[in-house]
Structures are given as structure tokens and as C-alpha cells.
Amino acid sequence: MRFRYFKMLAFLLTAVLMILSAGQVLAAKSIILGCPLSTAFLYGWAAERGFKLAVEEINAKGGVNVKGEMRPFSVEVIDTRDLEPGVPVSDALLSVEKLILDKKADFILGGPIRSEAALAAMPLLSKHKKVSILTTGSLTPKYHALVAEQYDKFKYCFRIHGEAKNLVGEMFANFSELKEKHGFNNLFIMAQDVTHARGAAEVMNDVAVKKGWNVTGVEIYPTGTTDYSMGLLKAKKTGAQIINIWMDMPESAILLKQWYEMQIPALPFGSTLAAAEQPNFWDSTDGKGQYTLCNVVNAGNAPSEATPWTMKFYDAYTQKWGVEPEGLGSSSSYMAVYVLKDAIERAGSLDSEKVLAELEKTDIMGVYGRLRFDPKSHQVIPATDPKEGAVGSILQWQNKKRVVVYPKSIASGEIQLPPWMKTDK
């Protein structure tokens with residue numbers, strides 16, 4: 001009897017050791033995605049949620065097929081704090097390096113989010129030969145321009161979401177329509193004092209003047225500004241009909257509440273406008289977000305039927321996180337994991353040189369359209385038709401809902417004007 005007891009005990013101990021051993025092997029074989037994100041801000045937490053949703057789905061189906069061996073993804077997030085006022089770029093670089101050296105990340109996905117930090121991280125990624133896919137924030141055109149100019153040095157850097165120059169083009173497509181329909185011709189620009197926003201404001205100003213628009217003013221605000229009344233009054237006094245806003249700080253919600261309360265007769269049209277992107281914007285402004293427009297950069301960050309995958313992602317995100325996709329970083333981070341999986345499987349390897357070569361050949365349909373990278377600059381190729389490339393989404397808040405108004409190929413509504421605006425037509 002005692003012999004049988006010890007035999008059973010030995011069997012159970014062996015089984016436990018085998019399970020623990022299998023777990024260790026599984027952990028050792030995980031493909032580690034290092035994600036440097038400013039997690040206290042929309043573009044950080046939305047990206048993290050997108051990554052984790054994709055990884056959960058992929059792992060549930062067996063993981064990634066690396067030359068016949070199925071390996072799971074795992075996510076390592078480090079808070080870079082790079083969207084916080086006063087945090088030096090060096091802190092973000094330390095986060096990236098920690099992911100590479102301490103967390104042994106196989107790939108870097110997500111950020112750094114602030115353009116200054118993303119640019120500064122490029123040499124570090126090259127030094128360690130780590131393939132990186134930017135999926136959130138970092139809208140500066142300089143990023144992919146550097147890849148094209150110094151390909152051998154920066155070839156490991158990719159970006160799977162839109163960038164400022166393309167956003168400017170999307171904005172002017174809408175401005176032209178408003179000019180034709182309502183006679184608009186006066187533009188006022190408000191921007192946050194960060195690289196991508198200052199640069200975009202300069203480009204917007206230059207393009208507007210060349211296109212015959214009257215730019216009545218440009219105001220630059222430090223990160224964390226909480227009063228915009230003087231700028232709004234200036235926009236009103238100079239006869240602005242559109243206020244173009246470039247801000248990723250949450251305080252931009254104050255700007256929009258002040259705009260509504262002061263009944264400024266100019267349409268608030270955000271390019272990056274983090275506060276207005278989020279599903280809770282209506283409640284947080286007590287409905288004073290009505291008529292606000294903003295560019296959420298890629299389809300899937302607001303409801304649309306861009307592709308058969310769009311609402312599938314939208315519903316899965318909502319179910320998992322208890323909130324609808326929240327803005328820039330949601331759909332692009334989700335798709336980055338799937339695009340990387342596709343490249344790894346075609347490469348049959350985690351080797352950086354082999355994976356980047358396959359990323360350059362990427363051609364798959366995703367949440368926001370056909371996804372391909374420019375082989376020279378590694379910027380995702382944009383389009384206004386999801387069958388041709390990565391499509392954006394400009395939405396307007398209308399009666400508690402985020403209604404996509406651009407591009408027309410996926411729009412579910414048209415731009416509305418507040419009742420206190422008078423037009424020439």
C-alpha cells in the first residue's frame with residue numbers, strides 16, 4: 001500500500017516537473033514584442049490595447065509559424081512618459097534600450113510616441129539591428145524621409161500609420177469642399193508646441209496660402225495649456241471660418257468647450273486632436289463637442305465599413321476593453337502584429353535582415369485597407385480607397401456619435417455646421 005502511494009506521488013511530481021519545464025520552454029520560445037509607450041496618454045494606452053488584442057487572437061490560434069515551429073507572441077510594455085510635459089527625450093531612449101537589453105525584445109513596436117523621441121531612437125535601433133514598426137503618434141514626415149535618405153543606416157525602421165503631410169492633404173480635400181459648398185476662405189491655425197504639430201502648422205500655412213486661402217493667424221500653445229480664449233477671440237475677430245487644430249494633449253478638450261460656450265463662428269477641424277478622438281468625448285464635454293471634426297489617421301479608430309475586417313476588429317476591441325477603439329494607435333497597433341506575423345512566417349526566421357526584407361514585400365488587406373510599405377522609405381502607402389492602400393478617417397461629432405465624413409469611400413455622413421455660423425452661400 002505504502003509502495004503504491006509513493007509510486008503515485010513520484011508520478012505526480014514527475015508530471016508537475018514536466019509541466020513546469022514545458023512552461024519554461026514555452027516562455028523561452030516566445031517572440032517578444034517590446035513596446036515603448038507613454039501609457040498615461042491615449043496614443044499609448046490605445047496602442048497597448050491593440051497589441052494585446054492581436055496577440056491574444058494569434059496565440060489562441062497557435063501562434064506564429066517559424067519554419068514549422070509554432071511560437072507565441074508576448075508583449076513587454078515600458079512607459080516612456082514621452083508625451084508628458086518636461087520629460088527629456090533621453091528617458092524614452094533608456095526605455096527602448098531596456099526593452100532590447102533587459103527584456104530581450106525581438107522586435108520593437110509602438111513608439112516612442114513623441115516625434116522628437118522617435119527620431120532620436122532611430123540610431124539606437126540601427127545600433128542593435130532591431131526591426132521597429134511605429135504604430136502610434138510620431139507623425140513627422142522626417143521619420144520616413146530619413147529612412148529613404150540613409151537607407152543602409154535606418155532600414156530597420158517602419159511606420160504603419162499615416163503621417164503629417166498626408167494628413168494635410170486630407171484636410172485640404174475637406175477644406176476645398178467646404179470652400180465650394182459654403183464659400184469658406186479664412187483659416188486660423190492652432191498648434192501644440194511639439195515637433196510634429198509645429199511642422200504641420202507650417203506646412204498647413206504654406207499650402208493654404210498657395211491654394212488661395214487667407215490664413216488669419218497661427219497660435220502655438222505649450223503642452224498642458226488650459227486657457228485658449230484669447231486665441232479663439234482672435235480667430236473670431238479675424239473672420240476665420242475654420243480653426244485647424246494640431247494637438248495631442250488632453251487639455252485640447254478645454255479648447256473645444258470654450259469654442260462651444262463662446263459660440264465662435266468657425267468650424268473646429270482637428271488634424272491630431274486626441275481629446276475629440278475618444279468615445280467618451282461627448283460626455284466629458286457635456287455635449288459641447290458637437291460639430292467638432294478630427295482626423296483619427298486610420299480607419300478602424302472610428303466606426304466604418306472600410307473593409308470586412310474593420311467592424312470585426314471594432315467589435316472585438318469593444319468587447320475586450322469595454323470601450324470602442326479610442327483613436328490613433330488602436331487599429332494600427334493591432335495590424336502591426338498581424339503584419340509582423342506575416343513577415344516572420346514568410347521569412348521563416350526572426351533574423352532582422354530577413355524579416356525587414358519580407359516587410360518590404362508586405363501586401364495584405366487589413367482593418368484600414370491594403371497594407372504595403374514604400375520599399376525605400378518604409379512608410380505605409382496611403383490611399384482614399386481601401387482597395388488601394390491604407391485609408392484614413394476624419395470624423396465629426398454629431399448627436400453623440402462619431403460619424404466618419406472622409407474619405408467618401410467609407411463615409412457614413414456629411415459635415416454639418418453649427419447653427420450660429422453664417423455662410424456666404
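The exercises below, each with a worked solution, deal with a predicted model of one protein chain.

**Exercise 1. Overall form**

Determine how the radius of gyration of the chain compares with the globule rule, and describe the extent of the chain.

Solution.
- Begin with the secondary structure: the chain has 15 helices and 16 strands.
- Next take the radius of gyration, which is 23 Å, while the globule rule gives 22 Å for 425 residues. The two values are close, so the chain is as compact as a globular protein of that length.
- Then consider the box filled by the C-alpha atoms: along the principal axes it is roughly 95 × 50 × 40 Å.

**Exercise 2. Burial, contacts and charge**

State what share of the residues is buried, what share of the contacts is long in sequence, and how far apart the mean charge positions are.

Solution.
- Of the 425 residues in the chain, 56% are buried.
- Among contacts with a separation of 6 or more, 72% are between residues 24 or more positions apart.
- The accessible surface comes to about 17700 Å², and carbon and sulfur atoms hold 54% of that surface.
- The chain carries 48 positive and 46 negative charges, and the mean positions of these two sets are 4 Å apart.

**Exercise 3. The buried face of H5**

Find which residues of helix H5 are buried, and decide how they are arranged about the helix axis.

Solution.
- Helix H5 spans residues 142–149, and its buried residues are Tyr143, His144, Leu146 and Val147.
- Viewed down the axis of H5, these buried residues fall within an arc of 150°, so they line one face of the helix.
- The packing partners of the buried residues of H5 are helix H4 (115–128), strand E6 (132–134), helix H6 (151–154) and strand E7 (157–159).

**Exercise 4. Two buried residues far from their partners in sequence**

For Ala276 and Leu328, give the setting, the burial and the contacts.

Solution for Ala276.
- Ala276 belongs to helix H11, residues 274–277.
- Its relative accessible area is 0%; buried means under 20%, so Ala276 is buried.
- Beyond its neighbours within four places in sequence, Ala276 is in contact with Leu256, Phe281, Thr292, Cys294, Leu395 and Trp397.
- Ser252 is 24 residues from Ala276 in sequence, and their C-alpha atoms are 8.1 Å apart.

Solution for Leu328.
- Leu328 sits in the loop between helix H13 (310–321) and helix H14 (330–347).
- With a relative accessible area of 0%, Leu328 is buried.
- Not counting residues up to four places away in sequence, Leu328 touches several residues, including Tyr43, Thr136, His161, Glu277 and Asn301.
- Between the C-alpha atoms of Leu328 and Asp248 the separation is 10.0 Å, with the two positions 80 residues apart along the chain counted as their spacing.

**Exercise 5. Positive phi outside glycine**

Locate Lys129 and Lys400, and report the phi and the exposure of each.

Solution.
- Lys129 lies in the loop between H4 and E6. Its phi is near 55°, a positive value in a residue other than glycine.
- The relative accessible area of Lys129 is 49%, which makes this residue partly exposed.
- Lys129 is also one of the residues that Ser352 touches; others among them are Lys130 and Tyr156. Ser352 itself lies in helix H15 (residues 352–359) and is buried at 13% relative accessible area.
- Lys400 is in the loop between strand E15 (394–398) and E16. Its phi is positive, about 75°, although Lys400 is not a glycine.
- The relative accessibility of Lys400 is 61%; exposed means over 50%, so Lys400 counts as exposed.

**Exercise 6. Cis peptide bonds**

Place the cis peptide bonds that lead into Pro112 and Pro407, and give omega for each.

Solution.
- Gly111 and Pro112 are joined by a cis peptide bond with omega about 10°. Pro112 is in the loop between strand E5 (107–110) and H4.
- From Tyr406 to Pro407 the peptide bond is cis, with omega near 0°. Pro407 is in the segment after strand E16 (401–406).

**Exercise 7. A loop lysine**

Is Lys211 buried or partly exposed, and which residues does it contact?

Solution.
- Lys211 is in the loop between helix H8 (195–210) and strand E9 (214–221).
- A relative accessible area of 47% makes Lys211 partly exposed.
- Leaving aside neighbours within four places in sequence, Lys211 is in contact with Phe172 and Lys179.
- Asn185 is 26 residues from Lys211 along the chain, and their C-alpha atoms are separated by 9.9 Å.

Notes
Residues numbered from 1 in each chain as written. Predicted model: local features only at pLDDT ≥ 70, side-chain atom pairs only at ≥ 80, totals over all residues. Heavy atoms only, no water. Buried < 20%, exposed > 50% of the residue type's maximum accessible area, 1.4 Å probe, protein only. Helix = DSSP H or I, 4+ residues; strand = E, 2+ residues; numbered from the N terminus. Arc of directions from axis to C-beta. Contact = heavy atoms within 4.5 Å. Rg over C-alpha atoms; globule rule 2.2 N^0.38 Å. Areas by Shrake-Rupley, 256 points an atom, 1.4 Å probe, with all protein chains shown as cover. Lys, Arg positive; Asp, Glu negative; His and termini not counted. Charge placed at Lys NZ, Arg CZ, Asp CG, Glu CD.
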